Amino acid sequence: MPSTLTSTAPPTPPKTLLIHDADVIAAMDDQRTEWPRASVFVRGGVIEAIGPASELPTTADEVIDARGLVVVPGLVNTHHHMYQSLTRAIPAAQNAELFGWLKTLYPIWAGLTPEMVHVSTQVAMAELLLSGCTTSSDHLYIYPNGVRLDHSIEAAQQIGMRFHAARGSMSVGESAGGLPPDALVEREDHILADTQRLIETHHDEGRYAMLRVVAAPCSPFSVSRDLMRESANLARALRTRMHTHLAENDHDVAYSREKFGMTPAEYAESLGWVGNDVWHAHCVKLDPAGIARFAATGTGVAHCPCSNMRLASGIAPVRRMLDAGVPVGLGVDGSASNDAAHLLGEARQAMLLARVGRSLEPFGCDHGPAEMTARHALDVATRGGARVLGRDDIGHLAPGMAADMALFDTRTLGMAGGAVHDPVGALLLCAPAQTRHTIVNGRVVVRDGQLTTVDLGPLLERHNALAVQLANHRH
């Protein structure tokens, strides 16, 4: 194992689990049911029954007293770069836009080690789990010093998060007209071989899978057309999904037009990168034609509002995407371009940004705040993310669905005066809260606000030491 820290194995789920007598359960099912005074009964990691507490069992192998709590489906994070938690708030990168930010941080990231990837993955996942997120993708595209995606996978298995591990890659360096340093790119034959190895070794197609592997060339400005095409062919031959960055800011669009003579959406489509097995991160500058093609093909988008604001990339046209039928989920993006990984907070930001974004559009703003409500944002954070990742077993609560849930306490300072009126709406409108309990696949991985699978104190101490080491390695 690459880390010197010790972790306990994820707790064995009880045969039966009862979430008993919650104030409200927001199922986010097709009817958007919100059950008052309700319970969830789980058997073998799968929801067996949900409904009024008076109609469900009152005993189980493990019972969680949910009085005073709101229960929602586990949130779904569709885009992250977890290793970047080591480089939060680096002074030289605090005030840069995307390309300048990347060029500042590439030389630092060249010092990544297997232990750094393992530890930073667990720190990022701890933050997500404590914010109510139960499933996350991670896009690791830098592999110096013996780093492998396996190091992230091991970290996820130990902490107990449902994981979509994206085998990222960069193959076009500065000398070939790309953005990354030549020292950080890989040979394309090696990228494809390692992607195939990872899928064949780790990918689980089954229902309730805890681990899936994704083919994920990094971006139009760091990989070749050939790698994009061959990655798509490989992914489809091996029945997995595809992910990359697209149309993140004006410079990204200008690069596509100059290098390829196409918009980013046209470029993606020309290489086979549209379809219901594909999702793209950001899409801040996706034009109307691109939105229409994504909607027609079922191509998904990972919306990352905090990162887009942090890097001054712009405001993604999320409402227009949703209205057109584009699958949209949320992503916290890299911890060095968001500097946080609180998915409930990301949902709140998505709600607020959609409201102000519409007011800035050139053709008037006659839609108002109701165009992106608290429940709309919660829908994107749960059902939307599940759809983007191609999952029909997570994202809402119903019999037969995976027992992935986040339980929030309504009796906190931040919810005072809000939960008494609308506890579900207050989750998004009030200050973002930490969970009281987080359940993944029927396992309680956060209990009473504390992780049950890793000792957070030593983990953070080691993480901070490694962050200093990484920042100083080139000096």
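**Exercise 1. Place arginine 37 and classify its exposure.**

Arginine 37 lies in strand β2 (residues 34-43). Strands here are DSSP runs of E, at least two residues, numbered from the N terminus. The model is predicted, so local features need pLDDT of at least 70. Residues are numbered from 1 along each chain.

Step 1. Take phi: for arginine 37 it is near 45°, a positive value in a residue other than glycine.
Step 2. Take the accessibility. At 39%, arginine 37 counts as partly exposed (buried is under 20% relative accessible area, exposed over 50%, partly exposed in between; 1.4 Å probe, protein chains only).

**Exercise 2. Do the same for cysteine 283.**

Step 1. Cysteine 283 sits in the loop between β11 (278-282) and α8 (288-297).
Step 2. Its phi is near 55°, again positive in a residue other than glycine.
Step 3. Its relative accessible area is 0%, so cysteine 283 is buried.

**Exercise 3. Check the length of helix α1, then find its packing partners.**

Step 1. The expected span is 1.5 Å times one less than the number of residues.
Step 2. For the 12 residues of α1 (residues 98-109) that gives 16 Å; the end C-alpha atoms are 15 Å apart, which agrees.
Step 3. The buried residues of α1 include Trp101, Leu105 and Trp109. The buried residues of α1 pack against α6 (250-260), α9 (305-310) and α14 (456-472), where contact means heavy atoms within 4.5 Å.

Note on methods. This is a predicted model: local features need pLDDT of at least 70, side-chain atom pairs count only at pLDDT 80 or more; totals for chains, interfaces and linings use all residues. Side-chain values use heavy atoms; hydrogens and water are left out. Helices (H or I, at least four residues) and strands (E, at least two) are DSSP runs, numbered from the N terminus.
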